[in-house]
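Thanks, everyone, for making the time this morning. I would like to talk about the aromatic rings in this protein, so please have the structure open while I speak.

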Amino acid sequence: MQIAPNKVVTMHYTVSTKEDVQIDSSRDGKPMSFLHGQHFLIKGLEDALVGKVAGDKFVTEVAPADAYGERHDELIQLVPKNMFDGMDVEVGMQFRATTDDGEQSVMIIDITDDEVVVDGNHPLSGVTLKFDVEVLAVRDASEQELAHGHVHGEGGCGHDH
């Protein structure tokens with residue numbers, strides 16, 4: 001059976017930068033299962049999986065446009081440090097911020113005497129990703145999985161909608 005929309009795919013993966021710095025892997029734990037075509041994965045990886053079958057192993061590179069997007073300098077902002085009064089802020093902390101465009105995740109990337117520099121870009125934006133994939137299984141999704149838009153484990157998913 002080939003991978004296509006509404007198929008449940010079970011796979012192992014390792015993702016790294018194109019310079020071979022590993023970011024994540026499922027190979028030391030449970031494989032990942034997902035409902036193909038529901039945008040659970042980044043576009044570039046989902047596209048690369050189409051037509052593959054159980055037993056296929058492949059490596060693919062995904063450009064930023066089909067992964068977490070390009071970096072945008074305007075998403076880096078200086079915030080007065082006094083907005084963080086009472087908080088112990090450190091470089092690398094992530095939090096939700098209210099912006100003119102709604103809630104946004106930001107990461108502290110620098111701290112000066114008077115200001116905190118926050119970055120609203122996804123940490124992997126602007127990065128070309130390399131995926132090493134092994135497709136373990138492909139099956140039809142159940143009616144309930146299709147209705148819910150995600151894969152269910154043994155015993156269902158624990159909700160009714």
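Phenylalanine 84 has a relative accessibility of 8%, and because anything under 20% is called buried, phenylalanine 84 counts as buried. I should say here that we are looking at a predicted model, so please keep that in mind throughout. The partner to look at is phenylalanine 95, which is partly exposed, with a relative accessible area of 26%. Together, phenylalanine 84 and phenylalanine 95 make an edge-to-face aromatic pair, with 5.8 Å from centre to centre and 80 degrees between the planes. Where do the two residues of this pair sit along the chain? Phenylalanine 84 belongs to the loop between strand 5 (76-80) and strand 6 (94-99), whereas phenylalanine 95 is in strand 6, eleven residues apart, and the pair in this way links distant parts of the chain.

The count comes to two aromatic pairs. Besides the one I have described, phenylalanine 34 and phenylalanine 40 form a stacked pair, with centres 6.1 Å apart and an angle of 10 degrees between the planes. Phenylalanine 34 is buried, at 2% relative accessibility, whereas phenylalanine 40 is exposed, with a relative accessible area of 52%.

There is also a ring with a charged neighbour: lysine 52 lies over the face of phenylalanine 58, at 4.7 Å from the ring centre.

Finally, a word on annotation: an unreviewed UniProt entry lists residues 6-91 as "domain: PPIase FKBP-type". In the model, the end C-alpha atoms of that span are 41 Å apart, and the span is 8% helix and 35% strand.

Note on methods
Residues numbered from 1 in each chain as written. Predicted model: local features only at pLDDT ≥ 70, side-chain atom pairs only at ≥ 80, totals over all residues. Heavy atoms only, no water. Phe/Tyr/Trp six-rings, centres within 6.5 Å; stacked < 30°, edge-to-face > 60°. Buried < 20%, exposed > 50% of the residue type's maximum accessible area, 1.4 Å probe, protein only. Helix = DSSP H or I, 4+ residues; strand = E, 2+ residues; numbered from the N terminus. Lys NZ or Arg CZ within 6 Å of the ring centre and 35° of its normal. UniProt positions renumbered as here; feature names shortened; annotations may be inferred.
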